[in-house]
Structure formats: C-alpha cells, structure tokens
Amino acid sequence: DQLLDLTRIRLGQGLPLTREAVDLRDLARAVLDELELTNPGCPLRLEVQGDLEGSWDRDRIQQLISNVVG
C-alpha cells in the first residue's frame with residue numbers, strides 16, 4: 001500500500017482518503033499500545049484535551065502517529 005501511495009504521489013494523483021467517524025484519542029492510544037508492545041522498556045504517555053472526534057482517514061492517521069512516534 002505504501003509503495004502504491006508513493007507512486008500516486010509521484011504521478012501527481014494525490015492520496016485517496018477514506019473518511020469515517022473516528023475518535024483520535026482512541027486511535028492514538030491503540031497505536032501507542034502497539035508500539036509499546038514492540039518496544040518494551042519504552043513507555044509512552046498520551047495526554048489529550050478536548051473533543052478529538054471527527055471525520056478522519058483512520059489508516060492515514062494511524063500511519064502518521066506511528067511514523068512520528070517511531
């Protein structure tokens with residue numbers, strides 16, 4: 001999928017987005033939990049404020065959080 005995304009970007013086609021109702025707090029916590037499992041000894045803390053529910057592309061946001069934290 002990432003290779004296809006790179007090809008689309010290079011060809012100027014952009015990235016397809018699939019928006020759905022997502023709570024970013026829950027999504028971020030799930031990504032951080034997964035990263036903690038693969039990196040024991042590196043605890044991660046999540047602090048959020050306010051309402052983080054919105055229309056997001058779940059897969060793209062997961063990838064973004066994973067890349068930034070990783």
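In the predicted model, helix 2 (24-38) has 15 residues, which at 1.5 Å a residue should span 21 Å; the C-alpha atoms at its ends are 21 Å apart, in agreement with that value. Six residues of helix 2 are buried, namely Leu 24, Leu 27, Ala 28, Val 31, Leu 32 and Leu 35. These buried residues lie on the same side of helix 2, because the arc they cover around the axis is only 130°. An α-helix has 3.6 residues a turn, so residues three or four places apart point the same way. Glu 34 and Leu 37, on the other side of helix 2, are exposed. The buried residues of helix 2 pack against strand 1, strand 2 and helix 3. At the start of helix 2, the backbone nitrogen of Arg 25 has a side-chain oxygen of Asp 23 within 2.9 Å.

The largest nonpolar core consists of nine residues: Val 22, Leu 24, Leu 27, Ala 28, Val 31, Leu 32, Leu 35, Ile 61 and Ile 65. At least two residues of this core come from each of helix 2 and helix 3 (58-69). Helix 2 provides the largest share, with six residues. Beyond residues up to four places away in sequence, Ala 28 touches Leu 46 and Ile 65.

Helix 3 has 12 residues, and the distance from its first C-alpha to its last is 17 Å, close to the 16 Å expected at 1.5 Å a residue. Arg 60, Ile 61 and Ile 65 are buried in helix 3. The three residues fall on the same side of helix 3 because they cover an arc of only 130° around the axis. Asp 59 and Asn 67 are exposed on the other side of helix 3. The cover over the buried residues of helix 3 includes helix 1 (2-10), helix 2 and strand 2 (53-57). A side-chain oxygen of Asp 57 comes to within 3.2 Å of the backbone nitrogen of Asp 59 at the start of helix 3.

Four salt bridges are found in a search of the whole structure. One of them pairs Glu 20 with Arg 58, with 3.6 Å between the closest N and O atoms. This pair links distant parts of the chain, since Glu 20 is in strand 1 (residues 19-23) and Arg 58 is in helix 3, 38 residues apart. Glu 20 has 36% relative accessibility and therefore counts as partly exposed. Arg 58 is likewise classed as partly exposed, at 30% relative accessibility.

Within helix 2, the side chains of Asp 33 and Arg 29 form a salt bridge with an N to O distance of 3.0 Å. The two residues are four residues apart in helix 2, about one turn of the helix. The side chain of Arg 29 also meets that of Glu 36 in a salt bridge, at 3.6 Å from N to O. Arg 29, Asp 33 and Glu 36 are thus linked in a network of salt bridges. Asp 33 counts as partly exposed at 35% relative accessibility. Arg 29 is partly exposed, with a relative accessible area of 26%, and Glu 36 is partly exposed, with a relative accessible area of 24%.

Notes
Residues are numbered from 1 along each chain as its sequence is written. This is a predicted model: local features need pLDDT of at least 70, side-chain atom pairs count only at pLDDT 80 or more; totals for chains, interfaces and linings use all residues. Side-chain values use heavy atoms; hydrogens and water are left out. A nonpolar core is a set of buried Ala, Val, Leu, Ile, Met, Phe, Trp, Tyr and Cys residues joined through side-chain atoms within 4.5 Å. Buried means under 20% relative accessible area, exposed over 50%, partly exposed in between (1.4 Å probe, protein chains only). Contact means heavy atoms within 4.5 Å. The expected span of a helix is 1.5 Å times one less than its number of residues. The arc is that of the directions from the helix axis to the C-beta atoms. A polar contact is a pair of N or O atoms within 3.5 Å; within protein, one must be able to donate a hydrogen and the other to accept it, and residues adjacent in sequence count only if both atoms are side-chain atoms.
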